[in-house]
Amino acid sequence: MVSDELRIFMWKLERLSHGHQPHVALDLTPADGEELCEVITCARFHPIDCGIIVIGFDTGRVATYDISTTKHLGKSLREFEVAADHEGTLEQFASPVTHLAFSEDAATLYVRDEVRVHVYTIPGQ
């Protein structure tokens with residue numbers, strides 16, 4: 001899996017040698033370029049359900065999507081807000097998500113931004 005600011009791409013490794021293009025798994029590209037309000041900064045597959053992907057955005061938002069049902073980002077399954085909890089000059093704004101990681105049992109999601117690590121417990125895992 002690879003992403004740019006607007007799309008998540010997936011390759012089948014055995015098809016790369018035959019010149020096949022990657023499959024666009026998710027597309028955030030708006031119909032009108034002026035509607036763009038956030039870009040993808042990182043993405044990670046759920047460790048147990050490979051149809052679920054977690055995406056971090058430059059706005060500090062983290063959302064989960066079911067890629068088996070849609071190619072375009074619509075309503076997310078669940079969202080995690082990286083709260084800006086410090087008052088000050090720059091820290092009052094949410095930082096872009098720089099890294100996502102799951103615990104081995106998928107019960108915990110670790111979200112890293114430019115300032116700190118946020119830990120979320122995922123119920124039902």
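**A tour of two salt bridges and an open sheet**

Begin by selecting Arg116 and Asp113, both of which are buried in this predicted model. These two residues form a salt bridge, with 3.9 Å between the closest N and O atoms. Searching the whole structure yields 2 salt bridges.

For the other stop of this kind, select Glu38 and Arg61, whose closest N and O atoms lie 2.3 Å apart in a salt bridge. This pair connects distant parts of the chain, 23 residues apart: Glu38 sits in the loop between strand S3 (23-27) and strand S4 (40-45), while Arg61 belongs to strand S6 (residues 61-66). Colour the two residues by accessibility next. Glu38 has 11% relative accessibility and therefore counts as buried, the cut-off being under 20%. Arg61, with a relative accessible area of 13%, is buried as well.

Now move to the open sheet, and display strands S8, S9 and S10, which are arranged in that order with antiparallel pairing. Strand S8 (97-102) and strand S10 (117-121) stand at the edges; each has a single partner strand, so one side of each lacks a neighbour in the sheet. Viewed along the sheet, neighbouring strands are turned against each other by 20 degrees on average, direction ignored.

Finally, focus on S8 and strand S9 (residues 108-113), where 5 bridges join the two in the antiparallel sense. Which residue in S9 is the bridge partner of Phe102? Select Leu109 to see the partner of Phe102.

Definitions and conventions. Residues are numbered from 1 along each chain as its sequence is written. This is a predicted model: local features need pLDDT of at least 70, side-chain atom pairs count only at pLDDT 80 or more; totals for chains, interfaces and linings use all residues. Side-chain values use heavy atoms; hydrogens and water are left out. A salt bridge is a side-chain nitrogen of Lys or Arg within 4 Å of a carboxyl oxygen of Asp or Glu. Helices (H or I, at least four residues) and strands (E, at least two) are DSSP runs, numbered from the N terminus. Buried means under 20% relative accessible area, exposed over 50%, partly exposed in between (1.4 Å probe, protein chains only). Two strands pair if DSSP finds at least two bridges between them. Axes are lines fitted to C-alpha atoms, for helices over the stretch in contact, and angles run from 0 to 180 degrees between N-to-C directions.
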